Structure formats: structure tokens, C-alpha cells
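This report describes how the parts of one protein model are put together. Please look at the sequence and the structure first, and keep them at hand while reading.

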Amino acid sequence: MSRVRGPRRLRRLERWAPAAVAVTVLSPAASGCVVVHGEREVLPATTPTEAAKALEQFTEAYNKADKAYDSSLDADHVTGALGAIDAARLKAGRANNPGGNPAHTPLTLTDAKFTIPKKAGWPRWFVADAQGNKGGDVRWLMVFLRYDVGEKWRVAYLTLVAPGKVPEFKKDADGLAEAVPANAAGLAVAPGDLSQAYATYLKSGGNTFAPGTHTTGWRELRARAASRPGLARQYIDQPVTDGAYAPLALRTADGGALVFFTTRHYEKQTAAQGATVPTPNKNVQALTTGEIRQSLTMEFLSNEMALAPPKGTGDQQVSILSRVQGLTSAQGE
């Protein structure tokens with residue numbers, strides 16, 4: 001059973017939102033004299049009914065792909081960071097289990113809540129927040145987006161969040177959320193700058209991000225790994241902000257923003273003279289090209305969910321609430 005975050009008045013959108021979208025595609029001849037431009041009109045991204053249907057279709061496709069280890073079965077329902085991570089996971093799974101996933105357990109998502117922003121232009125998007133049967137009691141937050149009214153909704157971001165960690169969003173009288181532009185100036189860090197800021201922080205540290213598992217904890221973990229004798233480790237972190245990897249943000253009730261963004265990470269392991277790189281697991285091997293002799297370079301894609309506070313109020317550090325990372329390729333040398 002699903003429900004929408006916000007007042008019941010949002011249900012009225014079911015009656016008028018489809019008509020509003022339809023108006024945007026009228027030609028001058030059809031309208032007589034007035035053209036409403038979809039790229040300029042501020043409209044709800046979708047309706048609660050359509051959002052629930054998109055979540056249902058995603059779950060069905062995801063389960064089919066996971067069972068068969070076949071990325072073609074959910075390719076029309078994923079994109080961006082999740083699409084790349086999911087495709088690599090399924091590729092490795094198929095290489096090691098050509099007959100399909102022997103450990104497949106269908107994903108079920110219940111208690112679904114939808115946060116639907118209103119905005120002008122494409123892409124339009126919304127957030128689904130549901131309880132999954134995998135990962136314990138965490139909430140599954142998925143960002144669905146599309147670039148045209150005729151396209152299918154696809155999940156670009158998937159993060160897992162502990163109960164109670166999802167902030168309260170700013171809503172209007174109809175229960176619609178506010179999309180925050182990438183260049184928003186009223187935040188400690190603008191959504192469009194977060195990917196680069198995070199990559200810089202992982203390399204050099206600083207005070208931009210609050211201490212936690214995905215900030216100070218990750219830097220400390222890397223430092224310990226790099227100090228082990230016999231195997232040198234090097235790290236490169238890069239921002240990713242183009243197309244379906246672009247950051248998406250919602251205004252929170254306190255004036256801040258919840259931001260979904262993407263980063264790319266490389267880890268190179270180089271064995272000391274006369275030694276060899278430890279043999280990676282089968283999933284890494286399945287995604288590796290070249291022969292692993294002296295070094296192994298792994299490429300990861302990561303999607304993060306961060307809370308950026310409003311500028312000039314209290315603590316100005318950004319908190320990384322969740323991070324989901326997956327190996328996408330590897331190179332042996």
C-alpha cells in the first residue's frame with residue numbers, strides 16, 4: 001500500500017495534472033492562438049497514482065533482471081548512477097552464474113511514500129521512500145526521472161537510509177515539494193557543487209562535510225589500507241554531474257536541501273617488487289580486463305544523499321546521510 005507525503009489535497013492532482021501536461025504539447029494550429037510551453041510552466045512532476053505505478057514497474061523489472069542476471073530486463077527502468085552500478089552487478093553475476101541468480105529473493109517494497117516536486121522544464125522527477133525486505137529496517141529512497149512525457153520513469157538514484165533520517169520537506173498547500181536548482185545560492189554548498197566538493201574532501205580533508213561513516217570514517221579507512229606494507233594503494237576521486245548523473249535536490253522544512261549526487265572513484269593496488277596483487281573475488285574478476293600481474297585498478301561509481309544546511313544558520317557542514325557504491329570496471333596490469 002502506498003501513500004503520499006503531504007495533505008490529502010494532493011489527491012486532487014489526479015484530476016488535473018494529466019490535463020495540464022497534455023496542454024503543453026498543443027501546437028499553434030490546435031490551440032488557435034495560445035501555446036503553453038511545458039519547459040516554462042511550473043507543474044507537478046507526476047501524480048501519486050503514476051508514481052505508485054512507476055515504483056511497481058521498477059520493482060517488477062528489477063526482480064526479473066536480478067533473477068536472470070540479465071541487465072536488458074530492467075534497462076528501461078534504471079539510469080544514471082543506479083543504472084551503471086546495476087548493469088555492472090548483473091554483468092558480473094551472469095559471468096559467474098550463466099544460468100541465473102541461485103540466491104535470488106524477490107525485492108518487495110511496502111509502505112511507499114512519494115515526494116513530488118513542482119518545477120518547470122525537464123527532467124521532471126520525484127522521490128519514492130519505501131520499506132524494503134532487504135537490508136534490515138532501512139528505508140529505500142529512489143529518485144525517478146524522465147526527460148519527456150512519453151518516456152518511462154527510470155530510477156537514477158538509490159540510497160538506503162536508517163529510519164528517522166529522512167528530513168521533513170517543505171510543502172505547499174497541495175502537498176507538493178520544492179525542487180532546488182543546482183546553482184541555489186542560499187545553501188552552505190550549492191547542489192551543483194557537491195560532487196566536486198566531496199571529491200576534493202576525500203583527497204584533502206577540510207571542514208565542508210560533517211564527521212561520519214562516509215566522510216572522516218572513509219578517509220581513515222583509506223589511510224589504514226594505504227599504510228599496509230607490500231601493497232601500495234592510490235585513490236582518485238572525480239565529480240560526475242552530466243545528464244542523468246546531475247544532482248537533484250529538494251527543499252527541506254528548515255530551508256536547507258536534501259541532495260542526491262554522484263561521484264566516481266578509482267583505487268589502484270600495486271604490489272611491491274617480487275610480490276603479487278591479492279587475487280580479487282569472482283565478481284571483481286568478472287569485470288576485469290587485462291592480466292593482473294603487478295597492479296589492479298578498480299573503478300567505482302557512488303551515489304550519495306546529503307543534507308545541505310541553509311547558509312548562515314548554525315552548523316554549516318554538509319552531512320552525508322547515505323552512500324551506495326558499486327564496482328563498474330577494473331583493469332589489470
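Pro 44 stands opposite Lys 118 in S4. Strand S4 (residues 117-119) and S2 run antiparallel and are joined by two bridges. Two strands are said to pair if DSSP finds at least two bridges between them. Strands (E, at least two residues) and helices (H or I, at least four) are DSSP runs, numbered from the N terminus. The open sheet here has three strands in the order S2-S4-S8, with mixed pairing. Strand S2 (43-44) and strand S8 (177-178) are the edges, each with a single partner strand, so one side of each has no neighbour in the sheet.

The model is predicted: local features need pLDDT of at least 70 and side-chain atom pairs count only at pLDDT 80 or more, while totals for chains, interfaces and linings use all residues. Residues are numbered from 1 along each chain as its sequence is written, and side-chain values use heavy atoms, with hydrogens and water left out.

**Strand S11 and its partners**

Which strands pair with S11? The table lists them, each with one facing pair of residues.

| Partner of S11 | Bridges | Sense | Facing residues |
|---|---|---|---|
| S9 (residues 231-240) | 10 bridges | antiparallel | Tyr 235 and Glu 267 |
| S10 (residues 248-251) | four bridges | antiparallel | Leu 250 and Leu 258 |
| S13 (residues 295-308) | 14 bridges | antiparallel | Ala 306 and Val 259 |

The hairpin of S10 and S11 has five residues between its strands, and Gly 255 takes a positive phi near 95° there. Strand S11 (residues 257-271) has 15 residues, of which 11 are buried, so the rest of the structure largely encloses this strand. Buried means under 20% relative accessible area, exposed means over 50%, and partly exposed lies in between (1.4 Å probe, protein chains only).

**The nonpolar cores**

In soluble globular proteins, nonpolar side chains tend to be buried together. A nonpolar core is here a set of buried Ala, Val, Leu, Ile, Met, Phe, Trp, Tyr and Cys residues joined through side-chain atoms within 4.5 Å. The largest such core has 24 residues, and those touching the most other members are Leu 55, Phe 58, Phe 114, Phe 126, Met 142 and Phe 144. At least two core residues come from each of helix H3 (48-68) and strands S3 (109-115), S5 (124-132), S6 (139-146) and S7 (154-161). With five residues, H3 gives the most to this core.

What does Leu 55 touch, not counting residues up to four places away in sequence? Leu 55 touches Leu 109, Ala 112, Phe 114, Ala 128, Met 142 and Phe 144; contact means heavy atoms within 4.5 Å. Another core, of 19 residues, lies apart from the largest one, and includes Ala 184, Leu 194, Tyr 201 and Phe 261.

**Aromatic rings**

The whole structure holds 10 aromatic pairs. Rings of Phe, Tyr and Trp (its six-membered ring) pair if their centres lie within 6.5 Å; planes under 30 degrees apart count as stacked, over 60 as edge-to-face and the rest as tilted. Phe 126 and Phe 144 form a stacked pair, 4.9 Å centre to centre with 5° between the planes. Phe 126 belongs to strand S5 and Phe 144 to strand S6, so this pair ties together parts that are 18 residues apart in sequence. Both rings belong to buried residues.

The pair of Tyr 198 and Trp 218 is tilted, because the ring centres are 6.5 Å apart and the planes stand at 40°. Tyr 198 lies in helix H5 (residues 194-204) and Trp 218 in helix H6 (residues 216-226), 20 residues apart. Tyr 198 is buried at 0% relative accessibility, and Trp 218 is buried with a relative accessible area of 10%. Arg 323 lies over the face of Trp 218, at 3.7 Å from the ring centre. A charge sits over a ring if NZ of Lys or CZ of Arg is within 6 Å of the ring centre and within 35 degrees of the ring normal. Likewise, the charged end of Arg 124 sits over the ring of Trp 122, 4.6 Å from its centre.
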